[in-house]
Amino acid sequence: MQRFAAVIQVKPEMLETYLELHQNPHPEVLKTLHRVGVRNYSIFLHAHLLFSYLEFLGDDWEAAQQEIARDPATQLWWTLTDPCQTPLETAKPGERWAAMPSVFLME
């Protein structure tokens, strides 16, 4: 199992929209995430900073991300959520959610 964490900003004027979207996420998006091996996916909010955490049970995270990106329901979901977000200045080119390396783990 691999753990992934990432961070992005939510636009202040879009915060309520973002929160409403996540009260009832599209079931097909959740099915796709589950199918590729994503578990324990959480998004936390502090001020206008979104922190995501997930666990990946598969062997190939890059292939899983590509499968997620091909999913029509996920593509639709992103047309709703992406306008709510602003990548951090520290995000790599082409990266929306800035990856965060693990610095501590207690199991």
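1. Start with Thr74, which is about as well hidden as a threonine gets to be on paper: its relative accessible area is 2%, so Thr74 counts as buried. Bear in mind that this is a predicted model. Thr74 sits in helix α4, which covers residues 72–81. Setting aside residues up to four places away in sequence, Thr74 touches Val29, Thr32 and Ile68. Two of those names come back in the next point, since Val29 and Thr32 are listed among the buried residues of helix α2.

2. On to α2 itself, residues 27–36. Its buried residues are Val29, Thr32, Leu33 and Val36. Looking down the axis of α2, these fall within an arc of 100°, so they line one face of the helix. The textbook geometry is worth recalling here: an α-helix has 3.6 residues a turn, so residues three or four places apart point the same way. On the face turned away from the buried side you'll find the exposed residues Pro27, Lys31 and Arg35.

3. What do the buried residues of α2 pack against? The partners are β2 (38–46), β3 (49–56), α3 (61–70) and α4. Just after α2 comes Gly37, with a positive phi of about 110°.

4. Helix α3 can be read in a similar way. Trp61, Ala64 and Ile68 are its buried residues. They cover an arc of only 60° around the axis, which puts them on the same side of α3. Glu62 and Arg70 are exposed and sit on the face turned away from the buried side of α3. As for packing, the buried residues of α3 go against β1 (2–10), α2, β2, β3 and α4. One link back to the opening point: Ile68 of α3 is one of the residues that Thr74 touches.

5. Now Val38, found in strand β2. Is Val38 buried or exposed? Its relative accessible area is 5%, and because the cut-off for buried is under 20%, Val38 counts as buried. Phe56 lies 18 residues away from Val38 in sequence, yet their C-alpha atoms are 4.7 Å apart in space. Beyond four places in sequence, Val38 touches Leu33, Leu54, Glu55, Phe56 and Trp61. That list takes in a buried residue of α2, Leu33, and a buried residue of α3, Trp61.

6. Ser52 deserves a look as well. This serine is found in strand β3, and with 6% relative accessibility it counts as buried. Leaving out neighbours within four places in sequence, Ser52 is in contact with Phe4, Ala5, Ala6, Tyr41, Ser42, Ile43 and Trp97.

7. Two backbone angles to check when you go through the model. In general, most residues other than glycine have a negative phi, and most peptide bonds are trans. Asn40, in strand β2, has a positive phi near 50°. Ala47 also has a positive phi, near 55°. Ala47 is found in the loop between β2 and β3, and its relative accessible area of 56% makes it exposed.

8. Stepping back to the whole chain: there are 4 helices and 5 strands. In what order do they come along the sequence? The pattern reads β-α-α-β-β-α-α-β-β. Of the contacts with a separation of 6 or more, 72% are between residues 24 or more positions apart.

9. Overall dimensions next. A compact globule of 107 residues would have a radius of gyration near 13 Å, and the chain's 14 Å agrees with that. Along the principal axes, the C-alpha atoms fill a box of roughly 40 × 35 × 30 Å. Of the 107 residues, 30% count as buried.

10. Finally, surface and charge. The chain exposes about 7,300 Å², with carbon and sulfur atoms supplying 57% of that area. There are 8 positive and 14 negative side chains, and the centres of the two sets lie 4 Å apart.

Notes:
Residues numbered from 1 in each chain as written. Predicted model: local features only at pLDDT ≥ 70, side-chain atom pairs only at ≥ 80, totals over all residues. Heavy atoms only, no water. Helix = DSSP H or I, 4+ residues; strand = E, 2+ residues; numbered from the N terminus. Buried < 20%, exposed > 50% of the residue type's maximum accessible area, 1.4 Å probe, protein only. Contact = heavy atoms within 4.5 Å. Rg over C-alpha atoms; globule rule 2.2 N^0.38 Å. Areas by Shrake-Rupley, 256 points an atom, 1.4 Å probe, with all protein chains shown as cover. Lys, Arg positive; Asp, Glu negative; His and termini not counted. Charge placed at Lys NZ, Arg CZ, Asp CG, Glu CD. Arc of directions from axis to C-beta.
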